[in-house]
Amino acid sequence: MSYDRYEILYLLRNAPAQTLDTNDHESGSSANNAFTECLNWARKHWRSVQIKKLSSYPYNSEIRRSDQTFCSVCLENFEFKQTVRKLGCSHEFHSQCVDKWLILKPTCPLCRAPL
């Protein structure tokens, strides 16, 4: 049985991505490679959708939203009007830094809380 991207997205919509496994289908070597490739594409797409749902705001040091003043990914201070993304665990990072991290690993870079 082979899957296309839309079937994978349907599977992801109806089950968390972490529960899907490449062993969930009848395997043949080319079908297995195609399924794995499709599943990896769908997981990254699913993550990017989840990342876009996270709150973000332009940084302003005069309006304090938290005690964090720097990004723990790049170790640079937040500057005026830079976009800061806040994760569910309340840690904040430059959105461009943490977005790249979250695509690869769907956890907070500091506390490893899930996305």
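The following conversation concerns the cysteines and the aromatic pair of a predicted model.

Trainee: How many disulfides does the structure hold?

Mentor: The structure holds 0 disulfides.

Trainee: Why is Cys71 in no disulfide?

Mentor: The nearest cysteine sulfur to that of Cys71 belongs to Cys74 and is 3.8 Å away, whereas a disulfide requires two cysteine sulfur atoms within 2.5 Å, and therefore Cys71 is counted in no disulfide.

Trainee: What makes Cys89 a residue in no disulfide?

Mentor: For Cys89 the nearest cysteine sulfur is that of Cys108, at 3.6 Å, and because the cut-off is 2.5 Å, Cys89 is likewise in no disulfide.

Trainee: Is Cys71 called buried or exposed, and why?

Mentor: Cys71 has a relative accessible area of 0%, and since buried means under 20%, Cys71 is called buried.

Trainee: Why does Cys89 count as partly exposed?

Mentor: Cys89 has 27% relative accessibility, and a value between 20% and 50% is called partly exposed, so that is the term for Cys89.

Trainee: What makes Tyr59 and Phe78 an aromatic pair, and why is the pair called tilted?

Mentor: Their ring centres lie 5.3 Å apart, and centres within 6.5 Å make a pair; their planes stand at 50°, which is neither under 30 degrees, as stacked requires, nor over 60, as edge-to-face requires, so the pair is tilted. The structure holds 1 aromatic pair, and this pair links distant parts of the chain, with Tyr59 and Phe78 19 residues apart in the loop between strand E1 (55-58) and strand E2 (83-86).

Trainee: How do you know that Tyr59 is buried, and what of Phe78?

Mentor: Tyr59 has a relative accessible area of 9% and Phe78 one of 6%, and because buried means under 20%, Tyr59 is buried and Phe78 is buried.

Technical notes. Residues are numbered from 1 along each chain as its sequence is written. This is a predicted model: local features need pLDDT of at least 70, side-chain atom pairs count only at pLDDT 80 or more; totals for chains, interfaces and linings use all residues. Side-chain values use heavy atoms; hydrogens and water are left out. Buried means under 20% relative accessible area, exposed over 50%, partly exposed in between (1.4 Å probe, protein chains only). Rings of Phe, Tyr and Trp (its six-membered ring) pair if their centres lie within 6.5 Å; planes under 30 degrees apart count as stacked, over 60 as edge-to-face and the rest as tilted. Helices (H or I, at least four residues) and strands (E, at least two) are DSSP runs, numbered from the N terminus.
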